[in-house]
Amino acid sequence: MAFDNLSEKLQNVFKNLRGKGRLSEADVKAALKEVKMALLEADVNFKVVKNFIKSVEERAIGQDVMSSLTPGQMVIKIVNEEMVKLMGDQTTEIALKSGNEITVIMMCGLQGAGKTTTTAKIAGKLKSKGKKPLLVACDIYRPAAIKQLQVNGEKQGVNVFSMGDGHKPVNIAKAAIEHAAKNGFNVVILDTAGRLHIDEEMMEELIEIKTNVEIHQAILVVDAMTGQDAVNVSEMFNEKIGIDGVILTKLDGDTRGGAALSIRAVTGRPILYVGMGEKLSDLEQFYPDRMASRILG
Ligand code: GDP
């Protein structure tokens, strides 16, 4: 599971802090240095770590903390609070229109990130909330992707709209929205094409969809196991096309956890869900406070 190493290291630091009756400024600084090392080893973005430690230090080295009866405990509490803040404080839901008004969601990401799987996972979540989702196959470059979406859609009991590979994605999206309006679907989820790397063509295609179709939510899917690459990809997508939120997949296989801790701070965009396995039910809402508790033990 993610964060094992980080958790263990932080717990050791905290054990030392708790053991001390009084804390000097040097004690706090030494402890925070260890926290810093642990975060860097967990592949958290360097700037994020720097700012995080600064915020904790500003709050921890103060009269209130140092003169309290349990200063160690108070420092730990501050680390916890700052970590929750780092991940966005609150849980962010995918913003949906009410009633029968159609919400159009554009899913994007690099190939292999888990986009198609996640698209089907999300459809399942929305269906269980009483929505009527329609999945749309906009990846015209890989016939296997269309098939995969159809298979997963069927597993979820969700309809899949496809026009094969002979139309432009933007036109498929438009046709899908018309189809949804005529047939009572109220969430349209576009599964767009992924590439191995970010390239102009990919971005152009997404921009073309976004400028010609009213997209209510652009959601980026990134692979937690790629660490800082996932963060860079998020930053790039946000700059080029503007994203509303991120879904972090494969957290079940990520031993470090750096992406989960960095994405919000680097991009300003929230993590909405985390993928915890290959099964279509393995998608969890992202709770910054629970994630911090998981990390801090
Ligand atoms: P796409 O190319 O981005 O559409 O990626 P896919 O949806 O085809 O997923 C690529 C691989 O990642 C597949 O084998 C998925 O089963 C796997 N996958 C997706 N999400 C997760 C996850 O949260 N955890 C794990 N362990 N595997 C995942």
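**Exercise 1: What does helix H1 pack against?**

Task: Find which helices the buried residues of H1 pack against, then work out how those residues sit around the helix.

Solution:
- Step 1. The buried residues of H1 pack against four partners: helix H2 (25-41), helix H5 (71-86), helix H11 (258-267) and helix H12 (288-296). Keep in mind that you're looking at a predicted model.
- Step 2. Now list the residues that are buried in H1: Leu6, Ser7, Leu10, Val13, Phe14 and Leu17.
- Step 3. Look down the axis. These residues sit on the same side of H1, because the arc they cover is only 135°.
- Step 4. Turn to the other side of H1, and you'll meet the exposed residues Glu8, Lys15 and Gly19.
- Step 5. Check the helix's span too. H1 runs over residues 4-19, which makes 16 residues, and at 1.5 Å a residue it should span 22 Å. The C-alpha atoms at its ends are 22 Å apart, so the expectation and the model agree.

**Exercise 2: How enclosed is helix H11?**

Task: H11 is one of the helices that the buried residues of H1 pack against. How many of its 10 residues are buried?

Solution:
- Step 1. Go along the helix and pick out the buried ones: Gly258, Ala259, Ala260, Leu261, Ser262, Ile263 and Thr267.
- Step 2. That makes 7 of the 10 residues, so H11 is largely enclosed by the rest of the structure.
- Step 3. Step just past the end of H11, and you reach Gly268, whose phi is positive at about 75°.

**Exercise 3: Is Thr192 buried or exposed?**

Task: Place Thr192 in the chain, decide whether it is buried or exposed, and find what it touches.

Solution:
- Step 1. Thr192 belongs to the loop between strand S4 (187-191) and helix H9 (200-212).
- Step 2. Its relative accessible area is 1%, and the cut-off for buried is under 20%, so Thr192 is buried.
- Step 3. Leave out the neighbours within four places in sequence. Thr192 then contacts Met106, Met107, Cys108, Lys115, Cys138, Asp139, Leu206 and Ile209.
- Step 4. Take Met107 from that list. Thr192 and Met107 are 85 residues apart in sequence, but their C-alpha atoms are 6.1 Å apart in space.
- Step 5. Try another pair, Thr70 and Arg294: they are 224 residues apart in sequence, with 23 Å from C-alpha to C-alpha. Thr70 itself lies in the loop between helix H4 (63-66) and H5, and it counts as partly exposed at 46% relative accessibility.

**Exercise 4: What surrounds the ligand?**

Task: How many residues surround the ligand, and which are the closest?

Solution:
- Step 1. There are 18 residues around the ligand, and the closest are Gly112, Lys115, Thr117, Asp252 and Glu278.
- Step 2. Ask which helix gives the most to this shell. That's helix H6 (residues 115-128), with 4 residues.
- Step 3. Look at oxygen atoms of the ligand. A polar side-chain atom of Thr117 is 2.5 Å from one, while Lys115 has a backbone N or O atom 2.7 Å from one. For Gly275, a backbone N or O atom lies 3.3 Å from a ligand oxygen.
- Step 4. Finish with the surface: the ligand alone exposes 590 Å², and the protein buries 80% of that.

**Exercise 5: Which way does phi go?**

Task: Look up phi for Asp43 and Asp89, then say where each residue sits.

Solution:
- Step 1. Start with the usual case: most residues other than glycine have a negative phi.
- Step 2. Asp43 isn't a glycine, yet its phi is positive, near 70°. Asp89 has a positive phi as well, about 65°.
- Step 3. Asp43 is in the loop between H2 and helix H3 (46-60), and it is buried at 17% relative accessible area.
- Step 4. Asp89 is in the loop between H5 and strand S1 (103-109), and it counts as partly exposed at 40% relative accessibility.

**Exercise 6: What does the whole chain look like?**

Task: Describe the protein chain by its helices and strands, its box and its buried share.

Solution:
- Step 1. The protein chain has 12 helices and 8 strands.
- Step 2. Along the principal axes, its C-alpha atoms fill a box of roughly 70 × 35 × 30 Å.
- Step 3. Of its 297 residues, 52% are buried.

Definitions and conventions. Residues are numbered from 1 along each chain as its sequence is written. Side-chain values use heavy atoms; hydrogens and water are left out. Helices (H or I, at least four residues) and strands (E, at least two) are DSSP runs, numbered from the N terminus. The expected span of a helix is 1.5 Å times one less than its number of residues. Buried means under 20% relative accessible area, exposed over 50%, partly exposed in between (1.4 Å probe, protein chains only). The arc is that of the directions from the helix axis to the C-beta atoms. Contact means heavy atoms within 4.5 Å. A residue is near a molecule or strand if one of its heavy atoms lies within 4 Å of it. A polar contact is a pair of N or O atoms within 3.5 Å; within protein, one must be able to donate a hydrogen and the other to accept it, and residues adjacent in sequence count only if both atoms are side-chain atoms. Accessible areas come from the Shrake-Rupley method with a 1.4 Å probe; for residues, only the protein chains shown count as cover.
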